[in-house]
Amino acid sequence: MAHFREQRAAVKFCFLLGKSGTETLEMLKTAYKDDAMGKTQVFEWFSRFKNGEMSIDDKPRSGRPSTARTHENVEKIREIIKEDRRRTIEEIVELSGVTWSSAARFVEKTTEALSSISKDEFRQCFEKWNKRLDKCISVSGEYFEGD
């Protein structure tokens, strides 16, 4: 299944060389073994090229656009987690109204982003924050750091 875009380019190349769909299919099977495109796909791409469609990209698909990843939903979930970071996905779903899979994807992406921060970067950031907090406390909240 991998390399389909690459294989489409190979199919287009064979088409432009005047190869038949059957010859092209055999070459793909030789090159890609079990990952080769199927006969139907090869002939479908040949048909597109014969009709003058020379792009190897998929046609846009119809269907319902994603409604879960809106700015409002992201902010809503962010606030829910800010209130209590120990919330379960089920609680996030109940409070936000998004689907379970959308909430799980949000949590997964957030976890990935946090995991990408090195321990050293986190420690340095925390130390800076702690110094500012100490300054703020020592001046009874009158400390301000400008841009």
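1. A pocket is here an open set of grid points with protein on both sides within 12 Å along at least five of seven lines. The model is predicted. Its largest pocket has a volume of about 330 Å³. Of the 14 residues lining that pocket, I81, K82, R85, T110 and L114 are the closest to its centre. Two or more lining residues come from each of α4 (71-83), α5 (89-96) and α6 (100-115).

2. On the make-up of this lining: α6 supplies the largest share, five residues. By class, the lining of the largest pocket holds six nonpolar, three polar and five charged residues.

3. The second largest pocket has a volume of about 170 Å³. It is lined by 11 residues, and those closest to its centre are R69, V74, S102, R105 and F106. The elements giving two or more residues to this lining are α4 and α6. Helix α6 again needs mention, as it gives the most to the lining of the second largest pocket, with five residues. The classes there are five nonpolar, three polar and three charged.

4. K82 deserves a separate entry. It is among the residues closest to the centre of the largest pocket, and K82 also forms a salt bridge with E79, with the closest N and O atoms 3.4 Å apart. Both residues lie in helix α4, three residues apart, or about one turn of the helix. How accessible are the two partners? K82 has a relative accessible area of 62%, which is over the 50% cut-off, so K82 is exposed. E79, at 38%, is partly exposed.

5. Eight salt bridges are found in a search of the whole structure. One of the pairs is R5 with D57, where the closest N and O atoms are 2.6 Å apart. R5 lies in helix α1 (residues 4-16), whereas D57 lies in the loop between α3 (39-50) and α4, so the pair ties together parts that are 52 residues apart in sequence. Both partners are partly exposed: R5 has a relative accessible area of 47%, and D57 has one of 37%.

6. In helix α7, E127 and R123 form a salt bridge between their side chains, at 3.2 Å from N to O. They are four residues apart in α7, so about one helical turn separates them. E127 counts as partly exposed at 38% relative accessibility, and R123 counts as partly exposed at 39%. Salt bridges with shared partners join D120, R123 and E127 into one network.

7. The surface carries a nonpolar patch formed by L114, I117, F122, F126, W129, L133 and I137. Together these residues have about 730 Å² of accessible area. Which element gives the largest share of the patch? Helix α7 (residues 119-138) does, with five residues. One patch member, F122, is found in α7 and has a relative accessible area of 55%, so F122 is exposed.

8. L114 links two of the points above. This residue is among those closest to the centre of the largest pocket, and L114 is also a member of the nonpolar patch on the surface. Helix α7 likewise appears twice, with the largest share of that patch and with the E127 and R123 pair.

Conventions:
Residues are numbered from 1 along each chain as its sequence is written. This is a predicted model: local features need pLDDT of at least 70, side-chain atom pairs count only at pLDDT 80 or more; totals for chains, interfaces and linings use all residues. Side-chain values use heavy atoms; hydrogens and water are left out. On a 1 Å grid over the protein atoms alone, a cavity is a set of points where a 1.4 Å probe fits but cannot get out, and a pocket is an open set with protein on both sides within 12 Å along at least five of seven lines; lining residues have an atom within 4 Å of a point. Grid points are joined across faces, edges and corners, and a volume is the space filled by probe spheres set on the points. Ala, Val, Leu, Ile, Met, Phe, Trp, Tyr, Cys and Pro count as nonpolar, Asp, Glu, Lys and Arg as charged, and the others, Gly among them, as polar. Patches are made of residues with over 30% relative accessible area and no salt bridge: like charges are joined within 9 Å, nonpolar side chains (Val, Leu, Ile, Met, Phe, Trp, Tyr) within 5 Å. Accessible areas come from the Shrake-Rupley method with a 1.4 Å probe; for residues, only the protein chains shown count as cover. A salt bridge is a side-chain nitrogen of Lys or Arg within 4 Å of a carboxyl oxygen of Asp or Glu. Buried means under 20% relative accessible area, exposed over 50%, partly exposed in between (1.4 Å probe, protein chains only).
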